[in-house]
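Me: I am new to this structure. Please show me how to read its features, one at a time.

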Amino acid sequence: MNMVFVNSLIFLAGLILLVAGSNSLIKYSLIFSHIFRISSLLVGMIIIAFGTSLPEAAVSIVSSLKHHSSIALGNIIGSNIANIGLVLGVAGLIRPLRVEKKLFQREIPAMLILTALVFLFSLDYKLSRPEGVLLLVFFLGFIFVSWSKDSQAPSSAKEASFKKAKVIFWIIGSLVLVVGGANLMVKGGVSLARALGVSSWVIGMSVFAIGTSLPELAASAAAAFKKAPALSLGNVIGSNVFNLSLVLGIAVLIRPISMSPAIVKFDLLFLIFMSFVFFVFTRTRLRLERWESVALVLFYFLFLGILWK
């Protein structure tokens, strides 16, 4: 009983750090984009998405090093499903999200192609090191194209240097709070889940995935409250691309991953389904409406229900 109480306190402490860090991250990332004339979409796609993907990277890389490939892969797939169903669903419930048309020129197609690519790589029920290299090459290409297309020069040297060090300091500090809070939540959540006697795959797909997706949830929810939909969408799309290319690529390079047929036939197919539904919802009216957000959240809880059945 005492351990349950202690783990609950750890979980709550992580939540407090996460919320504080995400609000600060949104605030100073917007200031950063204004100083350097970088679009808020690009800030969400790269700076925030990379920062909020650090928990997935840490969990998956450490899991691979410790021979827990099921947790590494489950965390990545589960996080991407949670990003679309839970994160975007909650953000869209707070405020309907307007979708910039240029997302359908590069970023959303990149996410869909990468998801399909991972599925094709997994048809033989394993991911090899050469496939990991290809995922990393995809990541580098994605970053190069996104940055070269959307970045602009600062308006003036004086403006670019104005409070630059302070802003960067607070962005880094905010990321530390976000990642630290997420790690505390995962630590407390895993300890509670182990008492239920569930498998490491289910823990990776649910507890780890939700815990490591909390930074994206906090950041996207904060962006929705601050009426910055481009940050919400850019954060989720960028995070999903980072998870499947950078994080999974590194994890596979460390140790090739083998998987059961059920993972390919259900979990990966469900990720493809959620990605397709997100595409249809946002493409029709260039908005994610509240009823569509409700559907995304319901789909996610349906997935969890099947997973834990």
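**Salt bridges and a helix pair**

Reply: Start with one pair: the side chains of Arg285 and Glu289 meet in a salt bridge, 3.9 Å from N to O. The model is predicted, so local features need pLDDT of at least 70 and side-chain atom pairs pLDDT 80 or more, while totals for chains, interfaces and linings use all residues. Residues are numbered from 1 along each chain as its sequence is written, and side-chain values use heavy atoms, without hydrogens and water.

Me: What counts as a salt bridge?

Reply: A side-chain nitrogen of Lys or Arg must lie within 4 Å of a carboxyl oxygen of Asp or Glu. By this rule there are five salt bridges.

Me: Which residue besides Glu289 does Arg285 pair with?

Reply: Glu292. The side chains of Glu292 and Arg285 form a salt bridge at 3.2 Å, N to O. Salt bridges with shared partners join Arg285, Arg287, Glu289 and Glu292 into one network.

Me: Is Glu292 buried or exposed?

Reply: Use relative accessible area: buried is under 20%, exposed is over 50%, and partly exposed is in between (1.4 Å probe, protein chains only). Glu292 has 1%, so Glu292 is buried. Glu289 has 18% and also counts as buried. Arg285, with 45%, is partly exposed.

Me: Where is there a salt bridge with a lysine?

Reply: Look at Lys126 and Asp124: their closest N and O atoms are 3.4 Å apart. Lys126 is partly exposed at 41%. Asp124 is partly exposed at 39%.

Me: How many helices and strands are there?

Reply: Helices are DSSP runs of H or I with at least four residues, strands are runs of E with at least two, and both are numbered from the N terminus. The protein chain has eleven helices and four strands.

Me: How do the axes of α10 and α11 cross?

Reply: Axes are lines fitted to C-alpha atoms, for helices over the stretch in contact, and angles run from 0 to 180 degrees between N-to-C directions. The axes of α10 (residues 261-285) and α11 (residues 290-308) come within 11 Å and cross at roughly 175°. Over 145 degrees counts as roughly antiparallel. Therefore α10 and α11 are roughly antiparallel to each other.

Me: Which residues make the contact?

Reply: Contact means heavy atoms within 4.5 Å. Among the residues involved are Phe266, Phe270 and Arg285 of α10, and Trp291, Glu292 and Phe299 of α11.

Me: How much of the chain is buried?

Reply: Of the 309 residues of the protein chain, 54% count as buried.

Conventions:
Parallel < 35°, antiparallel > 145°, perpendicular 65-115°, else oblique.
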